[in-house]
Structure formats: C-alpha cells, structure tokens
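Hi everyone, thanks for coming along. I'd like to walk you through a structure that is new to most of us, so let's put it on the screen.

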Amino acid sequence: TQRVLAADGTLIKASSIGKTRQEFEQQGYRTPCLLGWYEVQQMLLQALPKSTAVHLGAEFDRYEQDASTGLLTVHFKGGQQQPVQAGLLVAADGYFSRVRRQAVGDGLPTYGKTVVWRARLPAASAVAAGLDLQDNSSASAQDAGRYFFAFPISSGEYVWTAGVTDEKLAEQGVDPASLLEPLRRGTNSNSSSSSNNNSRQQQEDQWQEEQHKKPNQREQAASADIPSSALNTQGYSAQDAGRGEAARDRCLQAMAGYCDKVLKVIAGTPGTCLVEHGIYTRPASAMTPAAYGTGRVVVTGDAAHPLRPTGQGLNQAMEDAWGLGAALAGSAAIGEGQLAGLQEFRQQRAQRMRTVVAFTTAVGEAAYTRSTSKEQAEQERAPDTAKMSAEEFLDFCYNVNFERLGDL
C-alpha cells in the first residue's frame, strides 16, 4: 500500500501498490522495482569478465592525450596508483566530476537550495525505530518546504529520505554553515560569475584533500546504501560516527513539527546509516552533446546530468551505460569509426535528457511549494510547469525497446 500522510500523521490517501504495478504492466512496461545502490553495484561487478581488474581507493587527478596516437594517460591523486594508458576514459564520478571539469570545463552544478537526508535500515531495525511498513508498503508525508518518504527495497531492507528547502531550514533554526555538504559554504550558489565558480571549485578541492587524510573506511561512511549486514561499524572513527549523529540531529531539528512516528524513525536511525547532502542540478539547456565529453572522454551519470531525486538518476545512468555499450558494440579498439559512434551517442543522450531534466526539475521543485491536502492528493502529481503529464512522461521513459547488447 502507498500511503500519503499530512505532516501531523493524518492519513490522506492510500492506494494499492499491486494495482499500480498491474496498471504499469498493462501499459506494456516491465514491472518496476526498487533497488539499493549496493545491489546494483554488485550485479554490475558480477557481470564483468573475471579477467577484469577493479581498483578501489584511487581518485582521478587528470588525463593527458598523446597528440600522435590519441591515447590517454590517466593520472591519480597522491600517487595512489601508477598512471594508466587507455583508449577510452568513461567518467561516472558524480556531481563534482573532476573529469568533466577538464573535458568540458563548464563549472560546477548549481545548488538546488535543498538539503536531503537518506538512510538505509535492516527490517528489524526499521521496525524497532517505528518504521513498520507491512506488505512492502510505502509512506510519504509532506508540508510546505519539507517531505519525508519511506519505502522497502528489493533486499528486504528499508530506506527513508527527508528533504528540506533552505527557506524552511532557516525557519526551523538550522544553520546552513553547520551542514556537512562542503559546497554549502558557498553562499551565492546561483551566481554564474567566474570568481564564484573558482571559489566553489577551490572549496571542493580543499574538502576532497581533507577526505584523503581520513582512513579508507570513509568510503563506507560516505554511503548510506551499503546493506547493514555488510556494514563494519568498527571501521568508523569516532569522528565519523559523531558526524552522522550530528547530521541526524540536524534532520530532527529541520523536521520538528512532524508527527511522532516520523520523528521516532529519524531519532532511531544510527548515525552510521545516514548521509546528509545538498541537491545539485544542471538546467535542461545544459544538456548538450558537449556535456557528455569529447573524443575519447565520455561523461555519464550524475557527472553528465545531475537530477533532483525522482528515481530517474539511476534509470538514466543505466541508459547511459546501454547507449555507450551500443555505440561500442563489437569493437576491440577505439578508432575513427568508434569515435563517430561516440559522438552520435552524445547527441542522442543529450536530446533525450533535455526532456528528462525539464520534467524532473519541475516535479522536484513543485514538491516543496505546497502542503499535502486531500484535494491536492486527488490532483495530478505533475505540476503545471512540466511540459507533459505524468502519464506522458512515463511513456517517454519506459516505452522504449532496449536490445540486448550481445545481440547488436
């Protein structure tokens, strides 16, 4: 069951998830499922040939290109790993992509004036914290400037996420300077001036340098999506655990006034299972072929198209991967023909992403501008600012035939 609640916990609307899935399938789409990042990563790792070398704990610094051969030499920060020569560099390094900075050079994404907290809990811990969702049900609550959403994922664990706008944070007495997200230090995040972009890049560089002075266990602490059964909490330093608990306390302060059930879930979440970050986006107008890199450098995922949380971030990253695979299908090396295929891939993805970015931005922004009421619950969820209805967007996203790459 999908339940929509008012901030005070009053039930506004309940609908059957089974019915929704049945309707989804009747329209010709495949059954939707909610996956954790850890599960997706493991599936992708297991699909790699056994001869594939996977190196963790090394951070990209820069690349150089040989003028005669076109081959790339990739360097890593701090001598963590020896330089690597490659015929193709695929960047999936997130919001603040270093590869994009060098290949595209269009600055950092824009802060969306919204802070998000995400947590992942095993079912038993979720129930103990008050998150007792029976029969794979989900629940959401919302008021102006804030939302809370809890749902199960395929592993049987539970995820909850809360979001609050900067304006609401100020009303709740939360100091933005106290937040963990490093780029929140830049106060004029919407400025397009070169000096502001440089300042923000310097702040991000400084923050990343600080992170490399921490133990390797920070890689675990940085992700709330590692299953609790695999989480080695002994690997956290006292500082890491304290940061998570401080983030949880800020979330509680930001969500003050919500019903006791929501606040109990937040309060009962261990700091080691929670992350706090800002929302960063790029406008639809920025979705050009150049955003996907150039030549032998391909930018994908959040590095190419950071989105507001709507579920499309992972979906579109997977589409990037499929499109890239299709462009290179059957190729053993990168030559002129493959480079032409990569450019066609960039053009196709940029065109498709303009629609996705426009819709998800409109939906995401509208979600914070209203309080949930029975009347609104009955209305179409797509806002007036979107250029298509929710049904049209679903059709645009999912009424697509993706051939098996092995058959291409």
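I'll start with the strands and then move on to some helix contacts.

One thing to keep in mind is that this is a predicted model.

Let's begin close to the start of the numbering. Strand β1 covers residues 2-6 and strand β2 covers residues 11-15, and the two pair in the antiparallel sense over four bridges. If you want one pair to look for, take arginine 3, whose bridge partner in β2 is alanine 14. Together β1 and β2 make a hairpin, with four residues between them. In that turn you'll find glycine 9, which has a positive phi of about 95 degrees.

Now for the sheet. In what order do the strands of the open sheet run? The order is β3-β4-β5, three strands with antiparallel pairing. β3 (60-65) and β5 (84-86) are at the edges and have a single partner strand each, so one side of each lacks a neighbour in the sheet. From one strand to the next, the twist averages 25 degrees. Strand β4, residues 72-76, pairs with β5 over three antiparallel bridges. Here the pair to look for is leucine 72 with its bridge partner in β5, alanine 86.

Let's turn to the helices. Helix α10 (residues 312-327) packs with helix α11 (residues 336-366) at an angle of about 165 degrees, and their axes are 10 Å apart. Why do we call this pair roughly antiparallel? Angles over 145 degrees count as roughly antiparallel, so that label fits α10 and α11. Their crossing is right-handed.

Who meets whom here? On the α10 side, the contact includes Gln312, Glu319 and Leu324, and on the α11 side it includes Phe345, Arg349 and Met353. The residues of this contact divide into six nonpolar, five polar and four charged.

α10 has another partner to show you, helix α13, residues 390-398. The axes of α10 and α13 come within 12 Å and cross at roughly 30 degrees. These two helices are therefore roughly parallel to each other. Gln312, Asn315, Gln316 and Glu319 in α10 meet Phe393, Cys397 and Tyr398 in α13. That contact divides into three nonpolar, three polar and one charged.

If you'd like one thing to trace on the screen afterwards, try Gln312, Gln316 and Glu319 in α10: they meet residues of α11, and they also meet residues of α13. Thanks for listening!

Note on methods:
Residues are numbered from 1 along each chain as its sequence is written. This is a predicted model: local features need pLDDT of at least 70, side-chain atom pairs count only at pLDDT 80 or more; totals for chains, interfaces and linings use all residues. Side-chain values use heavy atoms; hydrogens and water are left out. Two strands pair if DSSP finds at least two bridges between them. Axes are lines fitted to C-alpha atoms, for helices over the stretch in contact, and angles run from 0 to 180 degrees between N-to-C directions. Angles under 35 degrees count as roughly parallel, over 145 as roughly antiparallel, 65 to 115 as roughly perpendicular and the rest as oblique. A crossing is left-handed if the near helix is turned anticlockwise from the far one by less than a right angle, and right-handed if clockwise. Contact means heavy atoms within 4.5 Å. Ala, Val, Leu, Ile, Met, Phe, Trp, Tyr, Cys and Pro count as nonpolar, Asp, Glu, Lys and Arg as charged, and the others, Gly among them, as polar.
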